[in-house]
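Student: I've got this one open on my screen and want to talk it through. Can we start with how the chains meet?

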Amino acid sequence: MDKIVIQDLNLQYPTGPQSLKDINLSIPANAITVLFGPAGGGKSSLLRCVNRLNDIIDVKSLTGRILLDGENVLDPKVDVIALRRRVGMVFARPVVLPMSIRENMTYGLELAGEKRKSRLEDAVERGLKHAALWEEVRERLDDPAIALSGGQQQRLCLARVLANQPEVILLDEPTSGLDPISTGKVETALQELKKDYTVVIVPHSVQQAARIADYGAFFLQGELIEAAEGKELFTQPKVKRTEDYVEGRFG
Amino acid sequence: MQKPHTFDRFLIQRLGISFISLVAALTMIPIIVVFGYIIFRGAPAISWQFLAAMPRDGMRAGGILPAIVGTFYLTLGTAVFSVPIGIAAAIYLSEYARENWITRLIRIAIINLAGIPSVVYGLFGLGLFVLFLKFGTSILSASLTLSIMTLPVIISAAEEALRAVPQSFRTVSISLGGTRWQTIRKIVLPQALPGIITGVILGLERAAGETAPILFTGAAFFLPHLPNSPLDATMALPYHLFVISTQVPGMPIQIQYGTALVLIVFVLGMNIAATVIRSRARAKRQW
Amino acid sequence: MKKSLTWTETLITAVIKTCGYSAIVFVILIFFFLLREGVPTLAEVKLGELFSTRWYPIEAHYGILPLITGSVIVTVGAMLIAIPFGIGTAVFLSEIAPRWLREILKPLVELLGGLPSVVLGFLGILVLTPYLRILLNLPTGLTALAGALLLGGIAVPTTVSIAEDALDSVPQGYREGALALGATKWQTIWRVTLPAAKSGVLTALMLGIGRTIGETMAVMMVTGNAPVMAVKLSSIVSPVRTMTATIAAEMGEVANGSTYYHVLFFIGLVLFLISLVVNIIASSVVFKSKKRAERVLS
């Protein structure tokens, strides 16, 4: 029951070494898959391939296939707009749009042409509840989103993605700027969310990876070194380099 | 050993700073003199009649209403053509264009348009709009000429305002399933709007004060009535000032200063409006 | 999964792209029209005649050299004023003046830049030229000097504005580094900050020059409009005539399609080409600085 299957993926930007080399990886549905490893490993690049966000920057070459429910999302004939609604992304720094909290939440649906007030209001409440932010903001939905704290803003970004009712949630170091309490809230929310969504996350530390991973994949300089179930990967990794990294011998 | 050296350096510094301050002061003085002269010698001429009545006695008496109205029409006409094209071109450069040779060519073209002498624009306007397209000496010809002249100013200012909007907004919008135009329409353009408006106002301010481009394309000195259509010629404040200060014998000095004052109030009023918009927008910004 | 890019968006994108290219279209259009009406001159007037020293169109003398020298002398004079005053004031505003003073003076300078040139020309006639006449004991105040002073006044705000921005964007770290090494504020300005802002300051000067060459009304009103060869030192205090003033003054009285008409367009063409060259030089300076900045910041 793999939600996403990555086959022979190779990615090269115009400058620098090859970002992704022959990646073959399966991502199961309704679980948290963690892509971890030191900086420059290609993890963020991989995420951006899945929702075709790499389309907006200059890429020298991209070969291979990424199958979402069996269909290749890298096919030029694919409707990328619809794809990006199915695959949502949360970025490292919280980026709230310069609007109210409510407008941030309804933005994705408005892009899709949704005009019915009832649907929009539902989405606002549902998304905020699933991101564990509803209680904190329900009284001030029309306040500018920029007035929220860092941790709240990031949860708003998660809620905003959820409002679109995606199938997959990609998170690129979502808690790197947050304090431990906010980080904990996000991790707890993810544990709930995995029941209904496929979660792929690049953690900001090995510890976070070990905490939340159902499955893990270790990336080093563009190569996939090892992928396995979470418990196994972090306690008894098979490859030496994985073990070295997990135990903090380099990084 | 050290002391004399230090003494020298600080003396040089004090002299230098005094000198530079003197230079700056000398620069400021003419500015104050210019404004002082026009305000003090022009103010006595200003009255409701002066602003709202038609001229009499070969412009030597009465009001300057047609010139004011004419400048207003010309500014409006310039806006009609230059604002949509200018903003669209800026959107292209900021949001669509890739950094290749043709984009570089566009930028060079814009810089060149900005540098062409205003009288050459007048010649061009004469050749293309007045004669070739047979629009004649009219508000239409003059507005079109002024529009092309104003285009580079608007494009530059608008592009800067668009680029100032953080890239992260665009990335987020795209990742939520937005198309490029949706992103521009819903986020980038609204956020850049104050900067764009400021640029537009400054561009139009320049157009309102120009004389050379309208000399052969639309300006007339003596018109017995206000213009009725865009194909009519018109009086205009800058041209009016030029003629009454150089070519009309027996022109009362007060009327000349009064006309100058009205012109600079018109032009600088726009400048102040633009500045106010800019600072208020900066305060309300949500990023 | 199918494509859902709508019809409207494709149309809007096409309109935007067209407007994007419009600048190139307009430059070509202007060049073409100037050529169309100006090039016949070369057929109607001998080259030697065209570049002779006599401009007297009534008797079919179309020598444009006096006009060129008139433009040159006024421009050079204006730059001699604008460079020291422009850079000096920019340095003052950026490096020496206290914050509150700068907040008052900078808008004041920009206000002068917004003044229509016809207003400056107007004051030039009424105030400056009589003053010059009395002060320097001249037969008339309508001289190249008056033009140079006014044009200097027009070029200074542009120069100050851009140069001050360039100085302002020099990272504070440069100044602090110099001071930490024991330099005085004065030394820091001249040996560190100003050189660091070099390309921005050069751009400011080039744009100032560009504005000066193209200025029409103010010069027309105060330089006396005498098309004589302005090559002697005393020329600076005599009347001259610039290319721009010639076009503005005489276009209205010219028969459409006549040789005179073609010659005026030819002068316009010359002005267009001069500004083209100046702008290309200026833009290559700017582009170089941008690329360097990108390299530094990455």
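**Contacts, core and confidence**

Tutor: Sure. This is a predicted model, and in it chain A puts 17 residues into its contact with chain B, which answers with 14 residues.

Student: Which helices of chain A each supply at least two residues to the side that touches chain B?

Tutor: Look along chain A for helices that give two residues or more to that side. By class, the side holds 12 nonpolar, three polar and two charged residues. The helices you want are α2 (80-86) and α3 (101-111) of chain A.

Student: And which helix gives the most to the side of chain C that touches chain B?

Tutor: Here 68 residues of chain C meet 68 residues of chain B. The chain C side splits into 45 nonpolar, 19 polar and four charged residues. The top contributor, with 18 residues, is helix α1 (residues 7-38) of chain C.

Student: Which residues touch the most other members of the largest nonpolar core?

Tutor: That core has 252 residues, and two of them share the top spot. One, A23(C), reaches across to chain B, where its contacts include A89(B), I106(B), L113(B) and I155(B). The pair is A23(C) and V119(C).

Student: Where in chain B is confidence lowest?

Tutor: Chain B averages a pLDDT of 89, with 98% of its residues scoring at least 70. Helix α7 (residues 167-175) of chain B is at the high end, at 95. At the low end, with a mean of 78, sits strand β2 (residues 61-62) of chain B.

Terms used
Residues are numbered from 1 along each chain as its sequence is written. Chains are lettered from A and ligands numbered from 1 in the order in which they are written. This is a predicted model: local features need pLDDT of at least 70, side-chain atom pairs count only at pLDDT 80 or more; totals for chains, interfaces and linings use all residues. Two residues are in contact if their C-beta atoms, placed from the backbone, lie within 7 Å. Helices (H or I, at least four residues) and strands (E, at least two) are DSSP runs, numbered from the N terminus. Ala, Val, Leu, Ile, Met, Phe, Trp, Tyr, Cys and Pro count as nonpolar, Asp, Glu, Lys and Arg as charged, and the others, Gly among them, as polar. pLDDT is the predictor's confidence in each residue, from 0 to 100. A nonpolar core is a set of buried Ala, Val, Leu, Ile, Met, Phe, Trp, Tyr and Cys residues joined through C-beta atoms within 7 Å. A residue is buried if 20 or more other C-beta atoms lie within 10 Å of its own, exposed if 12 or fewer, and partly exposed in between; C-beta atoms are placed from the backbone. Lists of a residue's contacts leave out its neighbours within four places in sequence.
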